[in-house]
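Work through these exercises with the sequence and the model open side by side. Each task is followed by a stepwise solution.

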Amino acid sequence: MKSTSMGTETQTGAAERPAFEWVDDASLPNTLRLPAKAERMLVLNDVSEATLATPQVAGWLADPDTRVAAGGSNVVFATPRIAKAAIVTATDWSAVPTDASAIELSVEAGMGLDALVRATAGRGWFGLEALAEIPGTVGAAPMQNVGAYGTEIADRTRWVEVWDRQERRIERFARNACDFSYRSSRFKREPDRWLILRVGLRLSATPPADWPPVAYPGVDKAVADWSARTGRARSAMSPAEYADVITTVRLAKLPDWRGGWPGSAGSFFHNPIVTPEVAARLSRRWPDMPRFDAPGGVKIPAGWLIETAGLKGRREGAVAVSSRHALVLEHHGGASGAEFLRFAESVRDRVEDETGVRLVVEPECVTDR
Ligand SMILES: Cc1cc2nc3c(=O)[nH]c(=O)nc-3n(C[C@H](O)[C@H](O)[C@H](O)COP(=O)(O)OP(=O)(O)OC[C@H]3O[C@@H](n4cnc5c(N)ncnc54)[C@H](O)[C@@H]3O)c2cc1C
């Protein structure tokens, strides 16, 4: 259902579903396509206080053994079976114009992030277009402060509304209270405490001053190609057209998370930040090493380190380092989570042996606890 009044727009869809339901032997979707099931899963089609405070629901969520599931694009199921899970499937969102150019959104956690990017960019609203084609849900986005091509979800976030699983109440954190940092937030740093229910975002109906952003060489070239193809000035590009350009750039190097093989969890390791001394040592050995100044030191692309260790394209059975993008580990079907993780560890060890830099895994590894 869609309703508009005085420029306010509301999208709802859950009216016919029960507020919550239980599923036994529930499959847990994940983009690595590793086998994963929960013995029992709570499905939250509604995230109102009345639903969450229902004793059965609040009790299930208060148990630290209950795992919050979502799109499964940033997890490695090291075990094929977990006991208890909960998932938010509520996808309603509303948009309120607050002045001549700002639009304030409230989006429920179960909505797909890419679906939200397309919906807002398609309305001509600027702010999320650089996040096109990132898999996963809106609710998971603040967890690791998802980001791409110079935009992080933190940049657009006004607040995050959560269910405090311990205190059994709803809380709303203003952006500054979310402690966002590179691929992290208070929600990630305090596991099993928060169930993210809704995210408040602020977008703009007018382009930013430096539109369109082309700080990344691949994006700059793709925008130039678009301009040549359409005969239009770069500055005339709509947010939806920019989202399409980003999609083209991403699909050229990342496996398609919507289906098929290989499965992946996107970038598997964080780009390490090393001390200037370590960076200088590496630069002496590899003068062409890419390096970027970052808070706390020098950021080295993890993909470059993996490639330098001679691992790009390396395949062992059903698991491999992508031959297109060394930061992506692939599952080609038939591996267990434990086998996949063993391969990932061998990549990390080999990189450390060759370069002295120890990589840190980005996705969460789910074990049976
Ligand atoms: C091909 C590919 C490309 C990717 N590209 C990028 C990229 O460019 N930038 C980037 O930042 N990431 C990227 N990722 C990683 C991933 O898309 C993001 O981390 C995404 O936010 C994960 O969303 P999800 O719904 O799949 O969460 P899941 O993977 O299911 O969960 C991730 C974590 O969040 C928790 N969680 C999920 N929902 C909630 C909730 N409502 N409340 C509390 N906790 C919750 C889970 O318990 C888990 O700990 C990529 C992944 C893939 C596979």
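A polar contact here is a pair of N or O atoms within 3.5 Å. The model is predicted.

**Exercise 1.** Find which side chains place a polar atom by an oxygen atom of the ligand.

Solution. Start with Arg 183. A polar atom of its side chain lies 3.4 Å from a ligand oxygen. The cut-off is 3.5 Å, so this pair counts as a polar contact. Next take Thr 137. Its side chain has a polar atom 2.8 Å from an oxygen atom of the ligand.

**Exercise 2.** Identify the backbone partner of a ligand nitrogen, then state how much of the ligand is covered.

Solution. The partner is Ile 196: a polar backbone atom of this residue is 2.8 Å from a nitrogen atom of the ligand. Now the cover. On its own, the ligand has 990 Å² of accessible area, and the protein covers 93% of that.

**Exercise 3.** Describe the shell around the ligand by element, by class and by nearest residues.

Solution. First, the elements. β10 (147-148), β14 (194-204) and β15 (263-267) each give two or more residues to the shell. Second, the classes. The shell has 15 nonpolar, 12 polar and three charged residues. Third, the nearest. Among the 30 residues around the ligand, these are Val 68, Ser 73, Asn 74, Gln 144 and Glu 364.

**Exercise 4.** Count the disulfides, then classify Cys 178 and Cys 365 as buried, partly exposed or exposed.

Solution. The disulfide count is zero. Cys 178 has a relative accessible area of 0%, under the 20% limit, so Cys 178 is buried. Cys 365 has 32%, which lies between 20% and 50%, so Cys 365 is partly exposed.

Technical notes. Residues are numbered from 1 along each chain as its sequence is written. This is a predicted model: local features need pLDDT of at least 70, side-chain atom pairs count only at pLDDT 80 or more; totals for chains, interfaces and linings use all residues. Side-chain values use heavy atoms; hydrogens and water are left out. A residue is near a molecule or strand if one of its heavy atoms lies within 4 Å of it. A polar contact is a pair of N or O atoms within 3.5 Å; within protein, one must be able to donate a hydrogen and the other to accept it, and residues adjacent in sequence count only if both atoms are side-chain atoms. Accessible areas come from the Shrake-Rupley method with a 1.4 Å probe; for residues, only the protein chains shown count as cover. Helices (H or I, at least four residues) and strands (E, at least two) are DSSP runs, numbered from the N terminus. Ala, Val, Leu, Ile, Met, Phe, Trp, Tyr, Cys and Pro count as nonpolar, Asp, Glu, Lys and Arg as charged, and the others, Gly among them, as polar. A disulfide is a pair of cysteine sulfur atoms within 2.5 Å. Buried means under 20% relative accessible area, exposed over 50%, partly exposed in between (1.4 Å probe, protein chains only).
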